[in-house]
Amino acid sequence: MSTAWYFAYGSNMQSATLRGRRGIEYRRALPGRVSGWRLVLDKPPLFPVGGAYANIVADPTAEVLGVLFEIATTDLDLSEAGPLGNYRRISVVAQPLQASDTVDAYTLTSELRDPALQPTTRYMSLLIEGAREHGLPEDYVAYLGTLPACAETPEAEELRPLIDRLMRR
């Protein structure tokens with residue numbers, strides 16, 4: 001089986017999301033960073049209800065922390081980057097936190113942005129859980145916990161099962 005590195009910085013950092021909601025198995029998971037990109041939480045949802053999602057934007061002075069997953073190359077066409085046009089897949093150079101070597105990886109970004117949106121507390125709990133699960137630095141986990149978030153709307157909660165079915169490969 002041919003594999004590739006996928007760099008997750010949002011809810012896909014959480015194994016339960018990547019494996020369960022996305023249906024993607026991974027061989028290895030390493031905490032990592034990508035320089036030249038900054039985490040933002042302003043990507044609008046697929047449907048016009050609910051909170052914002054994680055995204056990254058180019059910023060030569062920043063770095064984003066996340067999880068490097070070794071996955072089958074056939075799984076690179078993550079449903080989020082597929083026909084829905086939710087995100088686009090890009091190549092990045094990533095560095096595992098416990099290593100000096102870098103790896104070529106793929107990640108997702110979106111041009112869709114709305115700075116007026118906030119992520120939901122439910123969504124932020126997925127990021128925090130994934131960051132802790134894979135050993136990201138505690139100061140980064142604490143930082144995620146300080147970011148503004150809002151309650152999930154009843155409409156978004158009702159739509160979540162449908163969205164999950166759309167996102168699963």
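## Starting with one cysteine

Cysteine 150 is partly exposed, because its relative accessible area is 27% and the partly exposed class lies between buried, under 20%, and exposed, over 50% (1.4 Å probe, protein chains only). You'll find cysteine 150 in the loop between α3 and α4. Leaving out residues up to four places away in sequence, cysteine 150 touches Gln118, Pro119, Thr120 and Thr121, where contact means heavy atoms within 4.5 Å. Cysteine 150 and leucine 117 are 33 residues apart in sequence, yet 9.2 Å apart in space, C-alpha to C-alpha.

## What kind of model this is

This is a predicted model, in which local features need pLDDT of at least 70, side-chain atom pairs count only at pLDDT 80 or more, and totals for chains, interfaces and linings use all residues. Residues are numbered from 1 along each chain as its sequence is written, and side-chain values use heavy atoms, with hydrogens and water left out.

The score pLDDT is the predictor's confidence in each residue, from 0 to 100. For this protein the mean is 90, and 90% of the residues reach 70 or more. Confidence is highest in helix α3 (residues 138–146), at a mean of 98, and lowest in helix α4 (residues 154–167), at 70. Where pLDDT is low, the predicted coordinates should not be read in detail.

## The overall layout

Count up the secondary structure and you get four helices and five strands. Helices (H or I, at least four residues) and strands (E, at least two) are DSSP runs, numbered from the N terminus. Reading from that end, the elements go β-α-β-β-β-β-α-α-α.

The protein has 169 residues, and 48% of them count as buried. Among contacts with a separation of 6 or more, 74% are between residues 24 or more positions apart.

## A barrel of five strands

The five strands close into a barrel, in the order β1-β3-β2-β4-β5, with mixed pairing. From one strand to the next, the twist averages 45°. Helix α2 (residues 121–133) packs on the sheet and touches β2 (26–43) and β3, with its direction at about 140° to that of β2. For such angles, axes are lines fitted to C-alpha atoms (for helices, over the stretch in contact), and the angles run from 0 to 180 degrees between N-to-C directions.

Two strands pair if DSSP finds at least two bridges between them. Strand β1 (residues 3–8) runs antiparallel to strand β3 (residues 53–72), and six bridges join them; one partnership here is threonine 3 with alanine 72. With strand β5 (residues 103–109), β1 pairs in the parallel sense over two bridges, and tryptophan 5 has alanine 105 as its bridge partner. Strand β4 (residues 88–96) pairs with β5 in the antiparallel sense over seven bridges. In that pairing, arginine 89 stands opposite leucine 108, and a hairpin of six residues joins β4 to β5.

## Helix α3 and its two faces

Which residues of α3 are buried? They are Tyr140, Val141 and Leu144. Seen down the axis of α3, these buried residues fall within an arc of 100°, so they line one face of the helix. The arc is that of the directions from the helix axis to the C-beta atoms.

The cover over the buried residues of α3 includes β2, β3 and α2. Turned away from that buried side is a face carrying the exposed residues Asp139, Gly145 and Thr146.

## Buried residues in loops

Three loop residues are worth a look. Histidine 134 sits in the loop between α2 and α3 and counts as buried because its relative accessibility is 11%. Its side chain reaches the backbone oxygen of methionine 13 at 3.1 Å. Setting aside neighbours within four places in sequence, histidine 134 is in contact with residues including Tyr26, Pro31 and Phe69.

Arginine 22, in the loop between α1 (15–21) and β2, is buried too, at 7% relative accessibility. The side chains of arginine 22 and asparagine 12 share a polar contact of 3.1 Å. A polar contact is a pair of N or O atoms within 3.5 Å; within protein, one must be able to donate a hydrogen and the other to accept it, and residues adjacent in sequence count only if both atoms are side-chain atoms.

Then there's proline 45, in the loop between β2 and β3, which counts as buried at 15% relative accessibility. Not counting residues up to four places away in sequence, proline 45 touches Gly50, Gly51, Tyr53 and Leu117. Proline 45 and asparagine 86 are 41 residues apart in sequence and 8.6 Å apart in space, C-alpha to C-alpha.
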